[in-house]
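Please open the structure in your viewer and keep the selection panel at hand. The tour below goes from stop to stop, saying at each one what to select and what can be found there.

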Amino acid sequence: LNKTTPKPKEPAPPGRRFAFGAIVASFLGMIVFGAIALPTGSPIAPIARPNPAAYSQATIARGEQLAALGACAVCHTVSGGSALAGGVALPTPFGTVYTTNITPDVETGIGGWSYPAFERAMRKGLHRDGYNLYPAFPYPSFAKTSEEDLQALYAYLMAQPPVHRQNEPSKLTFPFNLRPLMAGWNLLFNRGGEIVIDTTRSTEWNRGRYLVDGLGHCGACHTPLNLLGAEKGGAAYLAGGVAEGWDAPALTALSFAPIPWSEDTLFAYLRTGASPHHGVAAGPMTPVVEQLQALPDSDIRAMAIYLASLNPPLSPDDIAIRRGNVIAATSTETHRPTNEAARLFDGACAVCHEPGRGPTMFNQGPPLGLNTNLHLDRADNFLNVVLNGIEYSTHGAMPGFRNALDNKQIAELARYARQRFAPGKAPWKNLEETIEHLRKAH
């Protein structure tokens, strides 16, 4: 070979070529099957907007709680816009989906939808006009909701002020923009009905599973997705995912956190947005916790009981010992600030994140050795918080450092924090590139 002759590419290993070919063949087969063989839904005739007076206040109030559980306002309210009028851009691996107007406006919202049309959308992902919805609207989870709760949610939505706002078309790449394809997707991945009670478990545990797996749709963020955008099953259930550029950590025994979730720490986190063993809610989880304020303590407790059952149990003494060991192993006494990154941490972070350093702060954060973000495979969560800070009405605030520190300083700070507070984990890579990307994304 001379300098002008390009080196031929190495052929892909036979196993890899076969696997890729099988995926492509299966995908193309599903396109053909979904677009040609499977029927889409039939249109359901519009109705006059239901009179909110037809529903009891108790039913509407229950529907309001259910809407909060499902975080309807979070996804269907654009920043600065009217509640539930849609327009939020949801990035997916296949393009951008824009959420729709779910106010009871007859022309642009769901005011002309009968309950059967609403129920079909919630359970089968079909629009009133008969076309397929995209699973960015997590109807495979909503399908598990009871009839009584769906009726209450419908009543609540129909009792809201109508807002006239046209929906924006989603922008997906070919072939994912072919809605008939979703018929094949539904055949593969939307098979669930209402959740069957596990008689070997307590009432609270069953209630918690219903809230988590149904309208709560926790798996939509906390479960990894397969190549076609569906939640994986089996051991991958609630094993961690990605949402809006943030890692949604595992909620099971697969968590990277030094101390497993317990019922009490889960209850505190879901109720207040803060856990002494895991950190505070940030990014997409912040508005979710805010919405959960509408739920009674009994429902939050039920969710905590269910999720705690997915984690290894530890006694209070074991937790105290593990916490003490982590704090001792990562303290300043064992990590003197001898380099620039260490001194930067000592000046900017230690007063809030190291117990006993300086005066007690109102918004003092958890010891970083216990913070889940430092133990994740990706640095994105940690970097997002350092860049943009966190605001809380009940837990004070953490300032962002995007204007105080440059990319090199933040990268060095992240490397130091990872090495010091998660010493058993591999160093984070490509930090400068990730920081630049996060700066532009915010």
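What follows is a walk through a predicted model, beginning with its nonpolar cores and ending with its paired strands.

Begin with F118 and L157, which are the residues with the most contacts inside the largest nonpolar core, a set of 48 residues. To see where this core draws its residues from, colour the helices α2 (57–69), α4 (115–124), α6 (147–158), α8 (203–213), α10 (263–272), α11 (285–292) and α12 (297–308), since these are the elements that give two or more residues to it. Among these contributors, α6 is the one to linger on, as the largest share of the core, 7 residues, comes from α6.

Now keep L157 selected and show its surroundings: leaving aside residues up to four places away in sequence, L157 touches L84, I102, P104, I110 and F118. For a second core, which lies apart from the largest one and has 25 residues, select A350, L383, V386 and A411, which are among its members.

The last stop is at the strands, where you can select residues 89–92, which are β1, together with residues 95–98, which are β2, and find the two paired in the antiparallel sense over 4 bridges. The stretch between them holds 2 residues, and β1 and β2 form a hairpin. Within this pair, look at L90, which stands opposite V97 in β2.

Which strand also pairs with β2? Select residues 171–172, which are β3, and you will find that β2 and β3 pair in the antiparallel sense over 2 bridges; here K171 in β3 is the bridge partner of T96.

Definitions and conventions
Residues are numbered from 1 along each chain as its sequence is written. This is a predicted model: local features need pLDDT of at least 70, side-chain atom pairs count only at pLDDT 80 or more; totals for chains, interfaces and linings use all residues. Side-chain values use heavy atoms; hydrogens and water are left out. A nonpolar core is a set of buried Ala, Val, Leu, Ile, Met, Phe, Trp, Tyr and Cys residues joined through side-chain atoms within 4.5 Å. Buried means under 20% relative accessible area, exposed over 50%, partly exposed in between (1.4 Å probe, protein chains only). Contact means heavy atoms within 4.5 Å. Two strands pair if DSSP finds at least two bridges between them.
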